[in-house]
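Visitor: I am new to this one, and I would like to understand the reasons behind the words people use for it. Could you show it to me and let me ask as we go?

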Amino acid sequence: MKQLTESRTEDRLAGTTTVPVPLIQLQGVSKGFVLHSVGKRVSGCQDISFAVEKGHFVGITGKSGSGKSTILRCIYRTNLPQEGQILYQSALFGTVDLAQLDERKICQIRQYEIGYVSQFLQTLPRITAYDIVYRAALEATDTEAEAHMETKKILTHFEIKEELWPLFPNTFSGGEKLRLNIAKAMVKRPNLLLLDEPTASLDQHSKEKVRELIEQLKCSGTTMIGIFHDLEFMEGLCDQEFNIQEGSFI
């Protein structure tokens, strides 16, 4: 605290102010889609601009179809923005524009820096629930022993029964698949975590488990952008909230 106070005092004496650099900043991002079957063009999001400081949580609200998920997919680059910049402070590459970055670097950033949680579990077939999470943990830990420890810890946290660990997730219930999907993303403790309705089909007890881990990640410095219809869930988590209607913030 003393060191921080002295630094601010020196800034004032020098007539300067230290402004935090956002971990990620969107500037005028737009994305549209063409429905070839009917020859119609629809807008996903339009002229989206906002910035998120490191360790902060930004929530995006709005009705279904308003463009919330399109914003997250543009950041993760599963959608390629047609306009605008997405400036990200990468630990691997420095300041980059995710809207323009080549695919090789995007894949590396996805692997080591940015996590994405959707409502649906997407994984290779015939991989056990344990290995899905363990492979993710290996990318974020120094040793196999540590990866095993983190895998067991997070599967236990989300109350995925140990007898399910060696099974393939196609035998799981919807809620179990979603909890496994969240565990896979969160075990890596990424720099930036994108949450696309991660609690949509969970019961209240499971939602509290997700919230608990979100709070832990936030305290440890993970930056998050989340989409939730459950506004009560977001209360007390978000540092800033944006509402989107028909593709634009209001």
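Guide: Let us begin with helix 4 in this predicted model. What covers its buried residues includes helix 5 (144–157) and helix 6.

Visitor: What makes helix 4 count as largely enclosed?

Guide: A residue is called buried when its relative accessible area is under 20%. In helix 4, which spans residues 129–138, seven of the 10 residues are buried, so the helix is largely enclosed by the rest of the structure. The buried ones are Ala129, Tyr130, Ile132, Val133, Tyr134, Ala136 and Ala137.

Visitor: How do you know that helix 2 is largely enclosed?

Guide: By the count of buried residues: seven of the nine in helix 2 (residues 68–76) are buried, so the rest of the structure largely encloses this helix. Those seven are Lys68, Thr70, Ile71, Leu72, Cys74, Ile75 and Tyr76. Just after helix 2 comes arginine 77, with a positive phi of about 70°.

Visitor: Which helix gives the most to the largest nonpolar core?

Guide: Helix 4 does, with seven residues. This core has 37 residues, and Phe158, Met186, Leu195 and Ile214 touch the most other members. At least two residues each come from helix 4, helix 5, helix 6, strand 7, helix 7 and helix 8 (231–234). Apart from this core lies another, of 30 residues, including Leu23, Ile24, Leu72 and Ile106.

Visitor: What does isoleucine 214 touch, leaving aside its neighbours within four places in sequence?

Guide: Isoleucine 214 is in contact with Phe57, Met186, Leu195, Met224, Phe228, Phe233 and Leu237.

Visitor: Why are helix 6 and helix 7 called roughly parallel?

Guide: Helix 6 and helix 7 (residues 204–219) pack at an angle of about 5°, with their axes 12 Å apart. Angles under 35 degrees count as roughly parallel, and the two helices are therefore given that name. Where they meet, Arg179, Ile182 and Met186 come from helix 6, while Ser206, Val210, Leu213, Ile214 and Leu217 come from helix 7. The residues of this contact divide into six nonpolar, one polar and one charged.

Visitor: Is leucine 178 buried or exposed, and how do you know?

Guide: Leucine 178 has 1% relative accessibility, so with the limit for buried at under 20%, it counts as buried. Its place is in helix 6. Leaving aside neighbours within four places in sequence, leucine 178 is in contact with Ser118, Gln119, Pro198, Ala200, Ser201 and Leu202. The C-alpha atoms of leucine 178 and serine 201 are separated by 7.9 Å, though these residues are 23 apart along the chain.

Visitor: What makes arginine 189 partly exposed?

Guide: The value for arginine 189 is 39%. Buried requires under 20% and exposed requires over 50%, so a residue in between is partly exposed. Arginine 189 lies in the loop between helix 6 (174–186) and strand 7 (192–196). Not counting residues up to four places away in sequence, arginine 189 touches Gln216, Leu217, Ser220 and Thr222. Between arginine 189 and aspartate 97 the C-alpha to C-alpha separation is 22 Å, and they are 92 residues apart in sequence.

Visitor: What is the phi of arginine 189?

Guide: Phi is near 45° there, a positive value in a residue other than glycine. Glutamate 197 also has a positive phi, near 50°.

Visitor: Where is glutamate 197, and why is it called buried?

Guide: Glutamate 197 sits in the loop between strand 7 and helix 7. Its relative accessible area is 7%, and buried means under 20%, so glutamate 197 is buried.

Visitor: How many disulfides are there, and why does cysteine 45 not bond with cysteine 74?

Guide: A search of the whole structure finds zero disulfides. A disulfide needs two cysteine sulfur atoms within 2.5 Å. The sulfur of cysteine 45 has its closest cysteine sulfur, in cysteine 74, at 4.6 Å, which is too far for a bond. Cysteine 45 is buried, at 2% relative accessibility.

Visitor: Why is cysteine 107 without a bond?

Guide: For the sulfur of cysteine 107, the closest cysteine sulfur is in cysteine 74, 17 Å away, so it is too far for a bond. Cysteine 107 has a relative accessible area of 42%, making it partly exposed.

Note on methods: Residues numbered from 1 in each chain as written. Predicted model: local features only at pLDDT ≥ 70, side-chain atom pairs only at ≥ 80, totals over all residues. Heavy atoms only, no water. Buried < 20%, exposed > 50% of the residue type's maximum accessible area, 1.4 Å probe, protein only. Helix = DSSP H or I, 4+ residues; strand = E, 2+ residues; numbered from the N terminus. Contact = heavy atoms within 4.5 Å. Axes fitted to C-alpha atoms, helices over the stretch in contact; angles between N-to-C directions. Parallel < 35°, antiparallel > 145°, perpendicular 65-115°, else oblique. Nonpolar A, V, L, I, M, F, W, Y, C, P; charged D, E, K, R; others polar. Core = buried A, V, L, I, M, F, W, Y, C linked by side-chain atoms within 4.5 Å.
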